[in-house]
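Reader: I am a first-year student, and I would like to take a careful look at one part of this model and see how that part sits in the whole. Could you go through it step by step?

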Protein chains: 4
Amino acid sequence: MVRIGILGATGYTGLELLKLLLRHPEAEITVLTTRQDERPHLADVHPQLAGRLDLRLENLSPRDVAKKADCVFCCLPHGAAARATPELLDGGARVIDFSADYRLNDAATFKHWYHEEHPDPARLGRVVYGLPEWFRDDIRKAQLVANPGCYPTSAILPLAPFLAQGLIDTDDIIVDSKSGVSGAGRTPKLAFHYPECNESIMAYGVGTHRHTPEICQVLGRIAGRDPQVIFTPHLVPMDRGILSVIYTRPIKKLDQEAALDVLRQRYYHEPFVRVVEHLPATKHTAHTNFCDITARIVQGRLLLISVEDNLVKGASGAAVQNFNVMHGFAETTALL
Amino acid sequence: MVRIGILGATGYTGLELLKLLLRHPEAEITVLTTRQDERPHLADVHPQLAGRLDLRLENLSPRDVAKKADCVFCCLPHGAAARATPELLDGGARVIDFSADYRLNDAATFKHWYHEEHPDPARLGRVVYGLPEWFRDDIRKAQLVANPGCYPTSAILPLAPFLAQGLIDTDDIIVDSKSGVSGAGRTPKLAFHYPECNESIMAYGVGTHRHTPEICQVLGRIAGRDPQVIFTPHLVPMDRGILSVIYTRPIKKLDQEAALDVLRQRYYHEPFVRVVEHLPATKHTAHTNFCDITARIVQGRLLLISVEDNLVKGASGAAVQNFNVMHGFAETTALL
Amino acid sequence: MVRIGILGATGYTGLELLKLLLRHPEAEITVLTTRQDERPHLADVHPQLAGRLDLRLENLSPRDVAKKADCVFCCLPHGAAARATPELLDGGARVIDFSADYRLNDAATFKHWYHEEHPDPARLGRVVYGLPEWFRDDIRKAQLVANPGCYPTSAILPLAPFLAQGLIDTDDIIVDSKSGVSGAGRTPKLAFHYPECNESIMAYGVGTHRHTPEICQVLGRIAGRDPQVIFTPHLVPMDRGILSVIYTRPIKKLDQEAALDVLRQRYYHEPFVRVVEHLPATKHTAHTNFCDITARIVQGRLLLISVEDNLVKGASGAAVQNFNVMHGFAETTALL
Amino acid sequence: MVRIGILGATGYTGLELLKLLLRHPEAEITVLTTRQDERPHLADVHPQLAGRLDLRLENLSPRDVAKKADCVFCCLPHGAAARATPELLDGGARVIDFSADYRLNDAATFKHWYHEEHPDPARLGRVVYGLPEWFRDDIRKAQLVANPGCYPTSAILPLAPFLAQGLIDTDDIIVDSKSGVSGAGRTPKLAFHYPECNESIMAYGVGTHRHTPEICQVLGRIAGRDPQVIFTPHLVPMDRGILSVIYTRPIKKLDQEAALDVLRQRYYHEPFVRVVEHLPATKHTAHTNFCDITARIVQGRLLLISVEDNLVKGASGAAVQNFNVMHGFAETTALL
């Protein structure tokens, strides 16, 4: 039995993580934190979990959390995560971090996109990126895993096989992604106020979204050269789900069946990537850890289309998958 | 041409009001206020209105507003409205107030439900309740009109004809109302954060909602005796619309056709009340000033069902209707 | 391992049932039927289940299904269910029926509400009603279980403890229920076409909904006398969830804490009924088998408020709960 | 006063058109058709219009319609429209056709995309394309106007100014569009059944959508050479609205301000195109005839972003705009 702590359990990724871990036969949730001082009962924060787990959220130091937990899921915002993580690791806990803090390889890139100094720069470049489909061996033995961003997962999984084989132009990649509103977190803001975003769709962060460097870095590592990626996220009036339509240019002629085969061969043994022939809808993966991918050839271009649940495969499900890999449990435990 | 001011134009009722008044041939919008100091351009606050009206919102005193406007629509929260209104009236403006401040007849009832002292108690009891279908003559000559609450309109219009004729028991009235989220206003709060209220319905304010005394007071005036009303509002995952299902007990046997006739006879000449035979959906009245009403007899009880758009007939449309009545314009101007 | 068949697996209850049973360690799904002849692969009917179960849907006779399955979940429409069930039982299978066919005790009531002759009238009156919280012992040994309707569960669970103790007037019960659209099934109709029911709420089947006699019959059995129930269902723009607000009249004075205690004492040991103090939202129970209930006293009346997921506790989750009871498995298996 | 007929008034474009025309001081609606024989009252088909217009829908021949109307809005499906139009024109009516039948210039292209013979091929190539912002002079005197498709309007308005000036590569244009469900019409189908498309987004018609040749043809005419356009539509869980994000490659360096200026200069005098600096949401144009457009430069590419209401600027509002132009009325009549 692995003792589990969750830092910042009040948000949507925390809730989703709790729902998954409550089904995990090898996980015992022992400590939950919040930065408020009221010590609320879990059921007051997440009425969904009434009667499921008799715990209060506490305002504990990372050091104290590390005493009560063998593995800590860190659901803090960027910046805060990298301030807490060193103490967690020093305290002996293994850490799965949901923030962007340990995803980028260098502090300068971090500062460029996040407009602040990285609190723990020395560790950058040595942290494992928690995408089991590509970095499973590294995850197995990692003390600290950077859980991927929701958009990057939806972009990297379809693109990586083609980039790994040098099949597409690295300089002409457009990722047009659409996300449900839970991706924006649980803090009330006007943009996410129901009557503002209901019955409406908009693009946001055009050319400036912070997941762009993450996508580029991971794809660059797989491709062996830095790609140029235009990334456009959208806010869609639904709770959960990400759809990415990715426009690429094959280096030599490619037909649809061959493109699907590239995906099928790469992901044949993967439990959570489904290569499908139909055009997938986000609902096909809602509340699951699957990422469904298909390919189309249109006027000589290769279009890749992926769907996932941003809170599961895009966050908490991926984290549990990493947890399973790290601890040698069957990778699908609590996820099917 | 009537010069129009709007106090508190940043919310949803302000936006709806602006859309209606921009179509009104006798209204000239001259002044808009906000309690912020930035003097934002209207189009920055409401991008819907880009290119429609070249005005900035200003932090003006009611006295200054009264200099620039003949008629002021006051969209301030309760309390603030009754602090601004005396100055508006002293400055010579006619006022249509959207808040609850002037709807109740006495300061004690106000304090009981709103937990604060009324800022302008002397005026209470003499303010006209702006429901033209019942108080049109008073509205015509009023300096100050209390625009009805969204729920009260949906409850009073169906019930009043039966109470006026003494056809139903005043002590056994249940109003079960369901509202879209715009009714909660535009200030971000967790309860109205998209992923909280999307895909969910809940009752709220059970037994404690502040529209209860307003419903009782107006119905009591019409019935000639105080009714007992149980009022249960709900939050529904949609932008706009109120559906009220009202359970009453006929004093003597009543069949469905007779019940519909009571409604038809009372509202035959009303331009914005439609008595219908089908079960109405809120969408039938969305973006209109109509209130659709039907009646059913179930096991001897009389059920009244009404739908309206909470932002139009439940707020800004009713206000424009009052404006038309007050100024002798055709009552449907800008509303059809 | 129990071999499972599902008759009519193409709808939403079939999908939900499959998702639950795929997690059940003692269930092996061996046969799925459809009334179409194309033998579609399960993943073509439910893309959500791609890669989960390699089965085709087949147009098989009940007799053939009974050869392949020990327990059959029958998700056919009313009428069709009672035509298939006798053969399933004769073939030796145990049956959990989702339709209304075996919920009512006599053929005359069935004909009155369903406007057709019952195909299997001799069995009526002897079939177990599958609400484990009230009829667990009967379910254990039943060959045929009538799975409750979604609305009835949301009405019976809160009302039954008060009726069992004679605490409320049986002649003054109003059940005002609101349901997500999945409750209407998967057959496309104009009323459930997205742009018709999105952004809209309406009451339907007022005074005529077929769940009324089911609610009355079960409550009557518990109360020891026939109650009079006014039942008003609504269609709410969301996928899933039922909220019922129930208006009752206590026979003698009852305060809120006492009312909550009646519920707490009755359901203390029940794994899927949560008595809560807050006003519950349907989202609290979405994708779970919980029914959350609270009580309020308003002007001397007792209001009971319940929420559940219409596809889980209101259908497929309840069926799996019955399956567990029937086979002696832990009652929460596959449901937490 | 212009006498108006509407062929096929039962759908969403018919409803929207009626709402607009009821506000038009120069339009008198005299005849509405349906292909059903029941002669339903308008309010039975569209309860929104109860009390607004006392007309029945009739199954009339185009010839009979032409006797009762000076101008006919044809809201029939493709194929049916081109079978009715010749008779309408022969009967002396002017026609605004909502279908695709008269948008394409040659019968071969029509057959390629619509898989049937064109019923009225001789007229193709001579019909005016009803986009007033580009073809106003032709519309003025036209007997027959082909009202643009909803997606094409959202793509052409932003792209045309750049293509007219030769500023972007005609061979590298990607149009990624997202539409509300009303765009799919009012006929119930599984794909548009509420629980299928709610809480989900998907791409559809990838590489095969019939608006592709329309976009190419109109842009080709403006550019002076045939462009290559990849067009990807999506279905978004909302009633109305289209957002298009368009990826293009400038021929020489272009900065954001210069790009916005290209749009501003072209559309400065246009009443229904708003060039905005912020990222527009579809809600900004909901229930209006506006198309809001902005531009961004990302990594040297020019991104154009447009929003419109698919039922207004994308259909019925554009039709009324064309009607105004054809009849010499102020172009904004009934549209502001």
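Reader: Before that close look, what pLDDT does chain A average, and what share of the residues score at least 70? After that, please take strand E8 of chain A: how many of the residues of E8(A) are buried, and which residues are on one side and which on the other?

Author: This is a predicted model, and chain A averages a pLDDT of 97, with 100% of the residues scoring at least 70. For the complex, the predictor gives an ipTM of 0.97 and a pTM of 0.97.

Now to the strand itself. Seven of the seven residues of E8(A) are buried, so E8(A) is largely enclosed by the rest of the structure. If you follow the strand along its length, you can sort its residues by side: Ile173(A), Val175(A), Ser177(A) and Ser179(A) are on one side, while Ile174(A), Asp176(A) and Lys178(A) are on the other, and both of these faces are covered. Notice that Asp176(A) and Lys178(A) are among the buried residues, together with Ile173(A), Ile174(A) and Val175(A).

Next come the strands that pair with E8(A). E8(A) pairs with E10(A) in the parallel sense over seven bridges, and in E10(A) the bridge partner of Ile173(A) is Val229(A). E8(A) also pairs with E11(A), here in the antiparallel sense and over six bridges, and in E11(A) the bridge partner of Asp176(A) is Val245(A).

To see a sheet with strands of these numbers, turn to chain D, where an open sheet of seven strands has the order E9-E10-E8-E11-E14-E13-E12, with mixed pairing. Its edge strands are E9 (202-203) and E12 (273-275) of chain D, each of which pairs on one side only. Within this sheet, E13 (residues 291-298) and E14 (residues 301-308) of chain D pair in the antiparallel sense over eight bridges, and Cys291(D) stands opposite Glu308(D) in E14(D).

Chain B lets you look at strands E12, E13 and E14 in more detail. There, strand E12 (residues 273-275) and strand E13 (residues 291-298) pair in the parallel sense over three bridges, and the bridge partner of Arg274(B) in E13(B) is Asp292(B). Eight bridges join E13(B) to strand E14 (residues 301-308) of chain B, and these two strands run antiparallel; in E14(B), the bridge partner of Thr294(B) is Ile305(B). The hairpin of E13(B) and E14(B) has two residues between the strands, and in it Gln299(B) takes a positive phi near 50°.

Returning to chain A, we can ask where E8(A) takes part in a contact with another chain. The contact between chain A and chain D takes 34 residues from each of them. On the side of chain A that touches chain D, strand E8 (173-179) supplies at least two residues, and so does each of the strands E9 (202-203), E10 (229-235), E11 (242-248), E13 (291-298) and E14 (301-308). The residues of that side divide into 20 nonpolar, seven polar and seven charged.

The arrangement of these two chains can be described by a rotation: a turn of 180°, with 0.0 Å of shift along its axis, superposes chain A on chain D with an RMSD of 0.0 Å. The two copies are thus related as by a two-fold rotation axis. In chain A, the C-alpha nearest the axis belongs to Pro237(A), at 3.3 Å from it. The same surface serves both copies, since 100% of the contact residues of chain A recur in chain D.

Chain D also has a contact with chain B, in which eleven residues of chain B are in contact with eleven residues of chain D. The residues on the side of chain B that touches chain D divide into four nonpolar, five polar and two charged. Here too, a turn of 180° and a shift of 0.0 Å along the axis lay chain B on chain D with an RMSD of 0.0 Å, and 100% of the contact residues of chain B recur in chain D.

To return to your strand, E8(A) is buried in seven of its seven residues, pairs with E10(A) in the parallel sense and with E11(A) in the antiparallel sense, and supplies at least two residues of the side of chain A that touches chain D.

Conventions
Residues numbered from 1 in each chain as written. Chains lettered and ligands numbered in written order. Predicted model: local features only at pLDDT ≥ 70, side-chain atom pairs only at ≥ 80, totals over all residues. Contact = placed C-beta atoms within 7 Å. Nonpolar A, V, L, I, M, F, W, Y, C, P; charged D, E, K, R; others polar. Helix = DSSP H or I, 4+ residues; strand = E, 2+ residues; numbered from the N terminus. Least-squares fit on C-alpha atoms with pLDDT ≥ 70 in both. pLDDT = per-residue confidence, 0-100. Pairing = 2+ DSSP bridges. Buried ≥ 20, exposed ≤ 12 C-beta atoms within 10 Å, placed from the backbone.
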